[in-house]
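Notebook open, coffee ready. I'm going to look up a few strands, then the core, then a pocket.

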Amino acid sequence: MPTRRAGRAGGRFRVAVSVVAALTLALAPGPATAADRRIDPAAGGPPALSLPDRVGAPQWGSWSVRRRPVTAASVVFTGENWWDASTSTGTAAVVGAPDDAYRLLDDPWGTDAGQEILLSPDGARLALPGQVVELRTGRRTVLPRLDGIRVVQPAAWSPDGGTLAVIQHDGGSVRRPDGSETYRETRATLGLVDLASGRFTSVAELAPDTSVPGWSVAFAPDGRTLAYQTGQQIVVADPGGPVRSRFPVPAGTRIAGKGAWTPDGAGLTLVTQRRCCAGDGYRSRWQLQVVDPATGGERAGPRLPEQAGLLALRLLGWTPDGAAAVARYRPWPGEAVVGFDAEYGITDGVWQTDVVALSPAGPPRTLLTSGERVAEGIDVADHALAGNLTHPGRLPAGGLGPQYRAYLGVGLSVLVAVAGLGVLGAAWILRRRRRRPAD
């Protein structure tokens, strides 16, 4: 009987070990399956994109693109305070298609979506400082860097997504008269990266310390013409080729954004800030103006309505019915009025961002909204605008995200395993001692 009981105890111990091991493996966040990734392996390319009508703060512990890729994304956004537990600076969130699955990417530079973080036109890739990420695989490609360059900053995607305009920046700290230090740019080289070959082609040296991310470069719809700004001058050129035209613009005027070219390629849109007016809570108004890219003269036709009370206004593109899709940046209450020359960037004091469609007649049509301090920076895939489709956005649930829940489950299972094995082992040893013959 003692031998049989000891055998049964040992058997129970081995069974417990097997069960605990199985549970631990089942709970471990292993390689992503096709279902986890929301990817159809037979799909030939990114899905048709539509724009969610709202975005929300991602869960703390959402899956990363590397661990759970998505086929494509309709929106990318950034914010500084998504979670109580930790700051979200240095993290970008993408909204995956077609089911609004939220994924996170790390950005060591802590930059803003729509300015230094740009979605490709089809939403399949994301450009960040120094790299491009394939959302389908999570694979990262390093952008080529010239000697002596500190950072390679994405500036604009070509319409076919095969070329990325970048600005290669260098600079350093300089001391102000009051003894404090600030960063001063000493070099800004505009160039094009062919993403298939990785080859970099220089286009122009820009006036240092005057480029404004998000408002500096725009491709024409056919991809054969590039507009860029250097200081208070706009240049229109063939990519990698000769200059077609150049013209001056007043202070406070910039290329309106990545969607600056009109759909027919015959006009270039500029945005101008004027600091007024009595009665405005935030005295900053923004006007979009379409000019002739050859002369800089304003084109005939009705103007789009001026936008008041905004920190900034950026043109994302055009809807099929001819409306201008713009990102509107609203300031913190009581924020000081700033312009494109703001020391820490014009969007440093953003409280809330939305995307609306502007037409010469009628009120703005809301395309996408976000909560307070949710989307402080935002970019939208061009194809999502071209489809002129929106859908009810599926917001993330509250609480801990799925990745951290999986890790927590593994941790708890290990603790249970250790405790269970300890109890079983102690009981088995105690039983053996009780049955040992007396000396």
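**Strands.** I began with β7 (residues 125-128) and β8 (residues 131-134), which pair in the antiparallel sense over four bridges. I should jot down that this is a predicted model. Checking who faces whom, I found L128 opposite Q131 in β8.

Next I wanted the whole sheet. It's an open one with four strands, in the order β6-β7-β8-β9, and the pairing is antiparallel. Which strands are at the edges? I got β6 and β9 (140-142), and each of them pairs on one side only.

**Core.** Then I looked up the largest nonpolar core, which has 65 residues. Which residues have the most contacts inside it? They turned out to be F77 and L126. I picked L126 and skipped its neighbours within four places in sequence; that left contacts with V76, V94, L105, I117, L118, L119, Q131, V132, V133, L135 and W157. So Q131 shows up again in my notes: here it touches L126, and earlier it stood opposite L128. There's also a second, separate core of 15 residues, with A155, A165, L192 and A237 among them.

**Pocket.** Last stop: the second largest pocket, at about 470 Å³. I counted 24 lining residues, and the closest to the centre are K258, G259, L316, G317 and D382. Which elements give two or more residues to this lining? My list reads β6 (118-119), β10 (151-157), β14 (217-219), β22 (312-318) and α3 (382-386). I'd already met β6 as an edge strand of the sheet. Sorting the lining by class, I got 17 nonpolar, four polar and three charged residues.

Methods
Residues are numbered from 1 along each chain as its sequence is written. This is a predicted model: local features need pLDDT of at least 70, side-chain atom pairs count only at pLDDT 80 or more; totals for chains, interfaces and linings use all residues. Side-chain values use heavy atoms; hydrogens and water are left out. On a 1 Å grid over the protein atoms alone, a cavity is a set of points where a 1.4 Å probe fits but cannot get out, and a pocket is an open set with protein on both sides within 12 Å along at least five of seven lines; lining residues have an atom within 4 Å of a point. Grid points are joined across faces, edges and corners, and a volume is the space filled by probe spheres set on the points. Ala, Val, Leu, Ile, Met, Phe, Trp, Tyr, Cys and Pro count as nonpolar, Asp, Glu, Lys and Arg as charged, and the others, Gly among them, as polar. A nonpolar core is a set of buried Ala, Val, Leu, Ile, Met, Phe, Trp, Tyr and Cys residues joined through side-chain atoms within 4.5 Å. Buried means under 20% relative accessible area, exposed over 50%, partly exposed in between (1.4 Å probe, protein chains only). Contact means heavy atoms within 4.5 Å. Two strands pair if DSSP finds at least two bridges between them.
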